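Please look through the model shown below with its sequence alongside. The paragraphs after it go from a single side chain outward to the ligand, the strands, the helices and the backbone.

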Amino acid sequence: MSRTLEPGKLLIASHNAGKVREIGELVRPHGMEVVSAAELDLPEPEETGTTFAENALIKAHAGAEGCGIVALADDSGLCVEALGGAPGVYTADWAEADTFEGGPGRDWYMAMGKVEGKLSELGPDTDRSAYFACTLALAWPDGHSEIFEGRAPGSLTWPPRGILGFGYDPVFVPEGRNQTFAEIDPAEKHAISHRADAFAKMMKAVF
Ligand code: IMP
């Protein structure tokens, strides 16, 4: 049985304005007033965990301790079955590039190519199943925490298709569909995504 989230302030332990806005819209009807880590100028802790849950907990606990209110954090990534779950928690790291658009940054096309390269090394009959994972962590100032895990199952296609979404969306075809996440209307993607799955579990458990 999860601990209930009482109406009041909720810290979104993220510096991503888009995430903060989306989460705010979801929790506001339950009497929560959202503040963000960026608004409070909280430092971003280093994500040193080896699982999504560890990283989400690091961010949520750092937020709750830093400002004394309940904090929510998430961690997500792409897991490829034939690669033993890689890139997994290192999903964003696989896109790190020194020379992207003239300087350091994230090159998602390079990252998608890296995944495809590793799959093709395994041969033409390799299992192309993959899933996006999202873990949400809620941490209370007294040290209590709750974890909610969501998944979007699917498979990888090549070459990349579509211009919507972000990250690895152009190579990910969700189960039961022919289009990639980057070809699907964003509202539709948000209804079937790993993030939606994790949020639905959290909303059911804590409100
Ligand atoms: P983080 O949880 O913000 O650290 O994100 C991890 C990485 O996973 C992101 O930078 C994206 O590359 C990838 N990722 C997470 N969710 C999605 C998604 O819905 N579509 C495409 N890529 C995603």
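Which backbone nitrogen does the side chain of D169 reach? The side chain of D169 comes to 2.9 Å from the backbone nitrogen of F166, a polar contact in the sense of a pair of N or O atoms within 3.5 Å, where within protein one atom must be able to donate a hydrogen and the other to accept it, and residues adjacent in sequence count only if both atoms are side-chain atoms. The model is a predicted one, in which local features need pLDDT of at least 70 and side-chain atom pairs count only at pLDDT 80 or more, while totals for chains, interfaces and linings use all residues. Residues are numbered from 1 along each chain as its sequence is written, and side-chain values use heavy atoms, with hydrogens and water left out.

D169 is placed in the loop between strand 7 (145–156) and strand 8 (172–174); helices (H or I, at least four residues) and strands (E, at least two) are DSSP runs, numbered from the N terminus. With a relative accessibility of 2%, D169 counts as buried, a word that stands for under 20% relative accessible area, whereas exposed means over 50% and partly exposed lies in between (1.4 Å probe, protein chains only). Leaving aside residues up to four places away in sequence, D169 touches F132, L164, T180, F181, A182 and K189, contact being defined by heavy atoms within 4.5 Å.

One of these partners, K189, belongs to helix 4 (residues 186–192) and is likewise buried, at 6% relative accessibility. Under the same exclusion of residues up to four places away in sequence, K189 touches F166, D169, F181 and I184.

D169 and K189 also lead to the ligand, since both are listed with S76, W108 and R195 as the closest of the 15 residues that surround it, near meaning that a heavy atom of the residue lies within 4 Å. An N or O atom in the side chain of D169 is 2.6 Å from a nitrogen atom of the ligand, and an N or O atom in the side chain of H194 is 3.0 Å from a nitrogen atom of the ligand. An oxygen atom of the ligand, in turn, has a polar side-chain atom of K19 at 3.2 Å.

The strands can be followed next. Strand 6 (residues 129–139) pairs with strand 7 in the antiparallel sense over 11 bridges, pairing being assigned if DSSP finds at least two bridges between two strands. Within this pair, L136 has F148 of strand 7 as its bridge partner. The two strands form a hairpin with 5 residues between them, and G143 in the turn has a positive phi of about 100°. Strand 7 also pairs with strand 8 in the antiparallel sense, over 3 bridges, and there S155 has V173 of strand 8 as its bridge partner.

Helix 2 (residues 52–67) has 16 residues and spans 23 Å from its first C-alpha to its last, close to the expected 22 Å, a figure obtained as 1.5 Å times one less than the number of residues. Its buried residues are F52, A53, N55, A56, K59, A60, G63 and A64, and they pack against strand 1 (8–12), strand 3 (70–80), strand 6 and strand 7. An α-helix has 3.6 residues a turn, so residues three or four places apart point the same way. After helix 2 comes G68, with a positive phi near 75°.

The cysteines form no disulfide, as the count comes to 0 when the term requires a pair of cysteine sulfur atoms within 2.5 Å. The sulfur of C79 is 11 Å from the closest cysteine sulfur, that of C134, and therefore too far for a bond. Both residues are nonetheless buried, C79 at 4% relative accessibility and C134 with a relative accessible area of 0%.

A few backbone details remain. The peptide bond from A86 to P87 is cis, with omega near -5°, and P87 is in the loop between strand 3 and strand 4 (96–97). A cis peptide bond also joins W158 and P159, with omega about 5°, where P159 is found in the loop between strand 7 and strand 8. D41 has a positive phi of about 60° although it is not a glycine; D41 is in the loop between strand 2 (32–36) and helix 2 and is exposed, with a relative accessible area of 68%.
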